[in-house]
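Colleague: Hi! Could you walk me through this model? I'm new to this, so plain words please.
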Amino acid sequence: MKLSNLQWMAIVLLVVGTTTSQFGAIFNIGRLFLDDFRGGFGNAPWWDHLFNGYTITPWLVVLNIRFTGLLVSWLMTYAGNIVEVVLFMTCIFFLSLSSSFIIYGMNTDPISTSLRGPMFL
């Protein structure tokens with residue numbers, strides 16, 4: 001089987017893209033180890049405090065986007081062209097609405113909420 005020029009370019013792009021993305025992870029992990037060695041492991045290794053400072057809000061936003069994407073892909077398999085467009089636009093609207101509720105709606109302090117602006121822009 002002979003591959004076309006476009007298929008060869010896709011294979012090269014896939015190989016180059018995956019190897020270059022791995023270099024970033026390797027360099028970042030190397031830097032974390034270097035910082036630990038320089039600090040003498042005073043604050044414990046980097047994997048013990050990797051997620052310090054995170055709250056539940058980013059996790060809820062990510063889960064919201066994930067499940068909405070799964071729902072859209074499931075519905076798109078059974079819908080027609082016009083229904084797909086309406087469904088896609090409706091999902092984008094409700095995804096942004098629910099994400100902004102997760103981000104701004106959980107804050108009960110009116111001063112910090114008003115400094116960030118209106119709830120739904």
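Colleague: How many salt bridges does a search of the whole structure find?
Modeller: The search finds one salt bridge. That term stands for a side-chain nitrogen of Lys or Arg within 4 Å of a carboxyl oxygen of Asp or Glu. Before we go on, this is a predicted model, where local features need pLDDT of at least 70 and side-chain atom pairs count only at pLDDT 80 or more, while totals for chains, interfaces and linings use all residues. Residues are numbered from 1 along each chain as its sequence is written, and side-chain values use heavy atoms, with hydrogens and water left out.

Colleague: Thanks! Which residues form the salt bridge with each other?
Modeller: D35 and R31 do, and their closest N and O atoms are 3.0 Å apart. Side chains of opposite charge can pair when their charged atoms come close.

Colleague: And where do D35 and R31 sit?
Modeller: Both are in helix 1, four residues apart, so about one helical turn separates them. Helices here are DSSP runs of H or I with at least four residues, strands are runs of E with at least two, and both are numbered from the N terminus.

Colleague: Is D35 buried or exposed?
Modeller: In between: D35 counts as partly exposed because its relative accessibility is 36%. R31 counts as partly exposed too, at 48%. Buried means under 20% relative accessible area, exposed means over 50%, and partly exposed is in between (1.4 Å probe, protein chains only).

Colleague: What span does helix 1 reach?
Modeller: Helix 1 covers residues 5–39, which is 35 residues, and reaches 52 Å from its first C-alpha to its last. That is close to the 51 Å expected at 1.5 Å a residue; the expected span is 1.5 Å times one less than the number of residues. G40 follows helix 1, and its phi is positive, near 70°.

Colleague: Let's zoom out. How many helices and strands are in the chain?
Modeller: The chain has four helices and zero strands. Along the sequence, the pattern reads α-α-α-α.

Colleague: What share of the chain is buried?
Modeller: Buried residues make up 11% of the 121 residues. T68 in helix 2 is buried, with a relative accessible area of 16%.

Colleague: What is T68 in contact with?
Modeller: Leaving aside neighbours within four places in sequence, T68 is in contact with C91 and L95. Contact means heavy atoms within 4.5 Å. C91 is one of the buried residues in helix 3, along with L87, S99, S100 and I102. Helix 2 is among the things that cover the buried residues of helix 3.

Colleague: Does helix 3 have a span worth noting too, and what is it?
Modeller: Helix 3 (residues 81–104) has 24 residues and should span 34 Å; its end C-alpha atoms are 35 Å apart, which agrees.

Colleague: New topic: how many aromatic pairs are there?
Modeller: The count comes to one aromatic pair. F93 and F94 form it, 5.3 Å centre to centre with 70° between the planes, which makes it edge-to-face. Rings of Phe, Tyr and Trp (its six-membered ring) pair if their centres lie within 6.5 Å; planes under 30 degrees apart are stacked, over 60 edge-to-face, and the rest tilted. F93 counts as partly exposed at 48% relative accessibility, and F94 does at 49%.

Colleague: Last one: which residues make the nonpolar surface patch?
Modeller: L32, L50, F51, Y54, I56 and W59 make a patch of about 620 Å². I56 is in helix 2.

Conventions:
Patch = residues over 30% accessible without salt bridge, like charges linked within 9 Å, V, L, I, M, F, W, Y side chains within 5 Å. Areas by Shrake-Rupley, 256 points an atom, 1.4 Å probe, with all protein chains shown as cover.
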